[in-house]
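User: Could you take a close look at one part of this structure, the place where the two chains meet, and explain it for someone in a first year of study?

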Protein chains: 2
Amino acid sequence: MRVEIVCTGDEVLSGKTINTNYSHMARRLQEVGIDVLWGTTVGDDRKSLQEAFRLASGRADAVIVNGGLGPTVDDLSQEVAAEAAGVGLILNEAWLENIQGFYKARGRVMPPNNRKQAMLPEGSEFIDNPVGTACGFAIDIGGARFFFTPGVPREIHKMLEDEIIPRLLQMSGEQAVVRLKRFHSFGLGESRVDDMLSGLEATAGGQVKLGFQAHYPELETKLLARGPNSAALESLMAPLEATIRERLGSYLLAEDMASLESVILAGLRDIDGTLAIAECGTHGAVAGRIVAADDAGAVFRRGGLGASVKALATALDIPDADVSATTAARFAEAVKATSRTSHGLAVMIPPGEEGGAGGGQGDVLIAIAAPGKPTQTRQARIVGGKDRVRAGGVEMGLDCLRRSLQGLAIDDKVDFERQ
Amino acid sequence: MRVEIVCTGDEVLSGKTINTNYSHMARRLQEVGIDVLWGTTVGDDRKSLQEAFRLASGRADAVIVNGGLGPTVDDLSQEVAAEAAGVGLILNEAWLENIQGFYKARGRVMPPNNRKQAMLPEGSEFIDNPVGTACGFAIDIGGARFFFTPGVPREIHKMLEDEIIPRLLQMSGEQAVVRLKRFHSFGLGESRVDDMLSGLEATAGGQVKLGFQAHYPELETKLLARGPNSAALESLMAPLEATIRERLGSYLLAEDMASLESVILAGLRDIDGTLAIAECGTHGAVAGRIVAADDAGAVFRRGGLGASVKALATALDIPDADVSATTAARFAEAVKATSRTSHGLAVMIPPGEEGGAGGGQGDVLIAIAAPGKPTQTRQARIVGGKDRVRAGGVEMGLDCLRRSLQGLAIDDKVDFERQ
């Protein structure tokens with residue numbers, strides 16, 4: 001099935017807004033086995049919209065149009081859609097009441113403009129939007145089925161999952177049960193994991209597809225499967241998932257919607273643990289990531305950020321600090337003791353070497369103080385410029401804590417460090 | 001002049017990569033007075049590229065093609081361009097030597113694949129790329145001038161500024177001297193500033209254009225002018241810039257490439273000042289932003305992040321802390337004293353109200369301890385969900401420090417707080 005996405009709106013066309021709606025839609029569609037073959041961006045301009053719809057209807061089977069469903073005069077999607085389909089616009093009474101109710105719940109009266117959002121092309125299929133006032137709709141234009149969707153990200157995200165993807169899967173005639181399993185790892189590059197998992201697709205007789213999404217320093221490994229029903233998919237995927245877990249081993253840090261931070265927080269909550277962090281050279285990102293994920297504030301207690309090892313040593317009242325794993329251990333122990341937490345994590349990234357023939361590198365020194373065992377330390381030299389060293393070092397600090405909580409070795413080599 | 005951008009590559013088409021190259025190019029072109037009228041995205045696929053070039057050549061005067069100039073077989077831009085222009089590919093000896101030199105400087109030998117990057121369509125105009133191995137080129141296809149550019153962000157950024165924009169301005173026949181002046185403010189919404197500056201364009205007789213880019217909590221006001229020469233532009237813009245400065249008043253925090261952080265750091269450096277920060281409810285972003293900008297590490301000393309006001313109070317050894325401006329003042333003074341800095345900044349954002357008919361709100365409490373004057377405090381209730389309250393509160397904390405350093409009142413109301 002040939003799918004095209006048409007993004008509309010002056011803000012996207014002019015680059016004022018980065019088009020994350022496009023990438024979100026294309027990525028999600030690929031994850032359910034539907035490839036997007038063409039992307040078009042046009043402004044809030046009648047002629048451009050007409051031309052974009054005409055071209056898309058000639059080259060695609062299904063077209064998702066994003067944006068242009070708002071209440072203002074520059075929102076033209078319904079109007080141009082009706083014209084292109086050769087029909088008029090009629091009022092959808094039920095949706096008008098819905099919009100009025102939306103305003104009433106907020107103690108306001110619907111502005112007259114918003115009536116426009118309930119005007120849909122005659123004969124079009126209504127598509128619900130439970131989180132906004134712009135409903136979607138579907139209609140045939142030329143040889144293609146057009147799906148009109150709102151431009152507000154959380155509205156299109158929901159409509160895509162609940163309404164558009166099911167319709168596209170049905171149209172595509174593919175077996176409609178699709179499952180996407182995601183594995184998150186740190187320390188292994190994309191080509192390395194590709195090698196480690198080679199042969200896996202073949203064992204499933206072409207029913208599964210492996211994909212990768214590298215967002216340094218993490219790598220996401222995606223296993224996509226399609227089958228006649230859920231039970232068949234389960235029995236197809238279970239052994240494959242077990243193989244991936246086994247091969248990724250200690251590098252596997254989380255699955256599906258879980259994250260490194262959520263795994264750490266869950267691990268600490270399981271033992272009624274609490275955490276304090278001392279860091280320098282990190283831009284405060286170690287504590288920043290944990291505190292952003294610790295919704296209840298039940299685990300994280302405090303973080304100390306120093307401009308340098310020396311500034312951090314002064315703050316923690318530690319004399320004679322040098323740039324060493326021993327100092328990191330003293331920091332982790334000190335921050336644990338003064339914060340009265342079960343765990344202390346120290347991450348130090350002293351200034352590294354920029355550029356040069358090798359492309360730069362930098363050290364990271366990590367220590368974890370935990371109850372009932374000696375303080376663990378880890379030291380690595382990460383390859384890259386300062387942003388890459390910092391991102392890798394922060395991730396490594398958090399990952400060492402994850403490993404420590406899970407009883408794993410914390411010194412397995414990662415692909416990003418000097419070997 | 002009608003301009004189109006064609007983005008190529010499977011990574012962009014599939015959404016794996018967010019297409020920031022497009023938004024960067026379109027925004028920069030608009031800033032020099034050139035509007036992009038159409039955007040196309042296609043994959044590394046010969047037929048799609050042929051069709052995209054054919055369509056673009058029929059509707060645009062100038063087309064920027066981004067991506068597809070790499071050394072691998074899936075990079076097809078030169079080949080399809082030559083075919084579309086009806087010419088062959090020939091080796092650009094000078095560029096081949098340049099690529100070989102690039103590798104040699106890194107102690108490596110050029111892989112044979114890279115020779116492909118020096119094969120350009122016959123009769124095409126060479127476009128230099130001083131920061132990579134993919135040169136650009138320009139060639140006429142149908143009625144349009146096509147500019148082929150590399151997909152690596154820093155390469156296209158540089159080529160756009162140095163090579164493409166000058167050529168487009170010349171093509172457009174517009175007066176080629178263009179100047180863009182940028183003002184950054186915090187606390188005023190886009191429509192408010194639009195009102196405050198109304199009439200400004202008219203006074204310049206249509207030679208300038210005002211534009212806005214809101215990236216909450218900051219607003220960027222752009223003044224674009226075009227004239228016959230630099231001297232004329234200077235005398236046109238100087239009084240307009242003065243008017244904008246006067247009208248934005250204390251809300252103006254930086255101009256052009258400067259940022260709130262860089263202005264604060266410069267202000268502190270001017271008085272040999274140093275800074276310590278205590279914060280909670282901020283995800284550590286107050287210190288995070290400062291330390292990220294403090295390249296030399298000469299100003300920022302340390303930051304303390306608490307999971308709550310209480311956790312922060314424990315860390316700073318302050319008994320009986322409550323959620324008040326008085327407590328914020330004690331925190332600022334404590335962190336200044338224990339860190340032995342000239343300035344202490346405290347920002348507290350206790351949990352706010354989520355959602356509801358009002359859409360949520362949250363308090364922010366700020367204090368600044370500075371040498372030789374009483375500690376200043378500021379309290380505000382910011383409107384919005386928790387992410388918006390946090391971003392607004394962090395910005396307000398930093399902006400109060402900027403105001404304090406510049407001798408301005410720190411309690412001017414902002415549009416984002418409950419009035």
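Analyst:
**Where the chains meet**

In strand β14(B), the bridge partner of Leu305(A) is Gly303(B), and this pairing is a good place to begin reading the predicted model. It belongs to a set of 5 bridges that join β14(A) to strand β14 (residues 300–306) of chain B, the two strands running antiparallel.

Around this strand pairing lies the wider interface, in which 46 residues of chain A are in contact with 46 residues of chain B. On the side of chain A that touches chain B, at least two residues each are supplied by α2 (20–31), β2 (36–42), α11 (285–293), β14 (300–306) and α12 (309–316). The largest share, 8 residues, comes from α2(A). By residue type, this side of chain A divides into 19 nonpolar, 22 polar and 5 charged residues.

To place this part within its chain, it helps to step back to chain A as a whole, whose secondary structure comes to 14 helices and 17 strands. The domain assignment of chain A gives domain 1 (3–172), domain 2 (177–255) and domain 3 (260–405). Within chain A there is also a contact region between domains, where 7 residues of domain 2 of chain A are in contact with 9 residues of domain 3 of chain A; the residues on the domain 2 side divide into 5 nonpolar, 1 polar and 1 charged. The C-alpha centres of domain 2 and domain 3 of chain A lie 30 Å apart. Finally, of the 419 residues in chain A, 47% are buried.

Key
Residues numbered from 1 in each chain as written. Chains lettered and ligands numbered in written order. Predicted model: local features only at pLDDT ≥ 70, side-chain atom pairs only at ≥ 80, totals over all residues. Helix = DSSP H or I, 4+ residues; strand = E, 2+ residues; numbered from the N terminus. Buried ≥ 20, exposed ≤ 12 C-beta atoms within 10 Å, placed from the backbone. Domains from an automatic or database assignment. Contact = placed C-beta atoms within 7 Å. Nonpolar A, V, L, I, M, F, W, Y, C, P; charged D, E, K, R; others polar. Pairing = 2+ DSSP bridges.
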